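Open the model in your viewer and keep the selection tool at hand. Each stop below says what to pick and what is there.

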Amino acid sequence: MTNSTPDNQEAIEKIRELIQGIDTAMLTTVSEEGLVSRPMKTQDIEFDGDLWFLTKKDTDKFHELLQNRQVNVAYAGKSFVSIRGEAELVNSTEKLKELWNPVYEQLLETNVDDPNLVLIKVQAEAVEYWDAGNKFKMARFLFRRLMGKSGEGTNMNRTVELD
């Protein structure tokens with residue numbers, strides 16, 4: 001979990017609210033050819049500064065993370081959230097069982113006891129978000145833009161450093 005200051009805690013709570021209910025995230029890793037984004041199932045746990053995903057050790061993303069731990073996780077739904085962070089590969093049977101969902105049996109064609117499974121823990125370092133779910137803020141933002149003004153002061157878009 002990211003260091004918790006009052007500002008960080010407020011930001012974490014806002015991010016938790018914005019990504020809640022978005023089932024799929026796009027995880028971007030760095031390959032030898034450049035950036036690669038893949039859909040990943042969002043875990044049913046509350047965001048506390050860390051994100052968790054499951055993968056297999058015989059995948060390209062696993063090998064990419066061994067070479068470069070810098071990642072980005074993007075969410076799009078009722079809001080738009082881009083999370084930059086550092087990934088850690090975690091071999092923990094206990095945590096794997098805690099996060100396991102029967103959907104994975106179909107999605108990953110495996111079971112919870114598969115030794116090829118590994119967890120990806122992403123520690124958020126910075127987050128940029130667009131709070132499109134607030135209709136009042138969105139209307140104010142669009143009105144300002146239509147009037148040729150910047151969107152500043154609408155709090156639609158914010159970048160937060162978490163480390």
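Does Glu109 count as buried or exposed? Select Glu109 to begin. At 69% relative accessibility, Glu109 counts as exposed, because the cut-off for that class is over 50%. Glu109 sits in the loop between H4 and S6. Now check its backbone. Phi is positive at Glu109, about 50°, although Glu109 is not a glycine. As background, most residues other than glycine have a negative phi.

**The whole chain**

Zoom out. Bear in mind that this is a predicted model. Colour by secondary structure, and you should find 5 helices and 7 strands. Follow the chain along the sequence and the pattern reads α-β-β-β-α-β-β-α-α-β-α-β. The chain has 163 residues, and 42% of them count as buried.

**Strand S3**

Select residues 50–56, which make up strand S3. How many of the residues of S3 are buried? The count is 7 of 7, so the strand is mostly covered, with buried meaning under 20% relative accessible area. Colour the two faces separately. Asp50, Trp52, Leu54 and Lys56 lie on one side. Leu51, Phe53 and Thr55 lie on the other. Both sides are covered.

Add S6, residues 117–130. S3 and S6 run antiparallel and are joined by 7 bridges. For one point of contact, pick Leu54: Leu119 in S6 stands opposite.

Stay on S3 and show the side chain of Trp52. Then add Lys95. Lys95 lies over the face of Trp52, at 4.7 Å from the ring centre.

**The largest pocket**

Next, turn on a surface. The largest pocket holds about 280 Å³ of space. Its lining is made of 17 residues, and those closest to its centre are Gln20, Thr42, Gln43, Ile45 and Glu46. Select these five to find the spot. Helix H1 (6–19) and S3 each give at least two residues to the lining. Which element gives the largest share of this lining? That is S3, with 4 residues. By class, the lining has 8 nonpolar, 4 polar and 5 charged residues.

**The second largest pocket**

Move on to the second largest pocket, with about 160 Å³ of space. Select Pro39, Met40, Leu54, Leu107 and Leu108, the closest to its centre among the 13 lining residues. Leu54 is the residue you have already picked opposite Leu119. Strand S2 (35–41), S3 and helix H4 (103–107) each supply at least two lining residues. Here S3 again gives the largest share, 4 residues. The classes are 7 nonpolar, 3 polar and 3 charged.

**The aromatic pair**

How many aromatic pairs does the structure hold? There is 1. Select Trp100 and Tyr104 and show their rings. The ring centres are 5.3 Å apart and the planes meet at 45°, so the pair is tilted. Check how covered each partner is. Trp100 counts as buried, at 17% relative accessibility. Tyr104 also counts as buried, at 3%.

**Strand S4 and its partners**

Select residues 70–76, strand S4. Which of its side chains point to the buried face? They are Val71, Val73 and Tyr75. Gln70, Asn72, Ala74 and Ala76 point to the other face and are not buried. This fits a general rule: in a regular strand the side chains alternate between the two faces of the sheet.

Add S1, residues 24–30. S1 and S4 run antiparallel, with 3 bridges between them. Pick Thr28 and look across to its bridge partner in S4, Asn72.

Now add S5, residues 80–90. S4 and S5 are also antiparallel, joined by 7 bridges. They form a hairpin with 3 residues between them. Ala74 stands opposite Ser82 in S5.

**Last stop: Thr159**

Finish with Thr159, found in strand S7 (residues 157–161). At 48% relative accessibility, Thr159 counts as partly exposed. Add Ile83 and draw a line from C-alpha to C-alpha. The two residues are 76 apart in sequence, and the line spans 9.7 Å.

Notes
Residues are numbered from 1 along each chain as its sequence is written. This is a predicted model: local features need pLDDT of at least 70, side-chain atom pairs count only at pLDDT 80 or more; totals for chains, interfaces and linings use all residues. Side-chain values use heavy atoms; hydrogens and water are left out. On a 1 Å grid over the protein atoms alone, a cavity is a set of points where a 1.4 Å probe fits but cannot get out, and a pocket is an open set with protein on both sides within 12 Å along at least five of seven lines; lining residues have an atom within 4 Å of a point. Grid points are joined across faces, edges and corners, and a volume is the space filled by probe spheres set on the points. Ala, Val, Leu, Ile, Met, Phe, Trp, Tyr, Cys and Pro count as nonpolar, Asp, Glu, Lys and Arg as charged, and the others, Gly among them, as polar. Rings of Phe, Tyr and Trp (its six-membered ring) pair if their centres lie within 6.5 Å; planes under 30 degrees apart count as stacked, over 60 as edge-to-face and the rest as tilted. Buried means under 20% relative accessible area, exposed over 50%, partly exposed in between (1.4 Å probe, protein chains only). A charge sits over a ring if NZ of Lys or CZ of Arg is within 6 Å of the ring centre and within 35 degrees of the ring normal. Two strands pair if DSSP finds at least two bridges between them.
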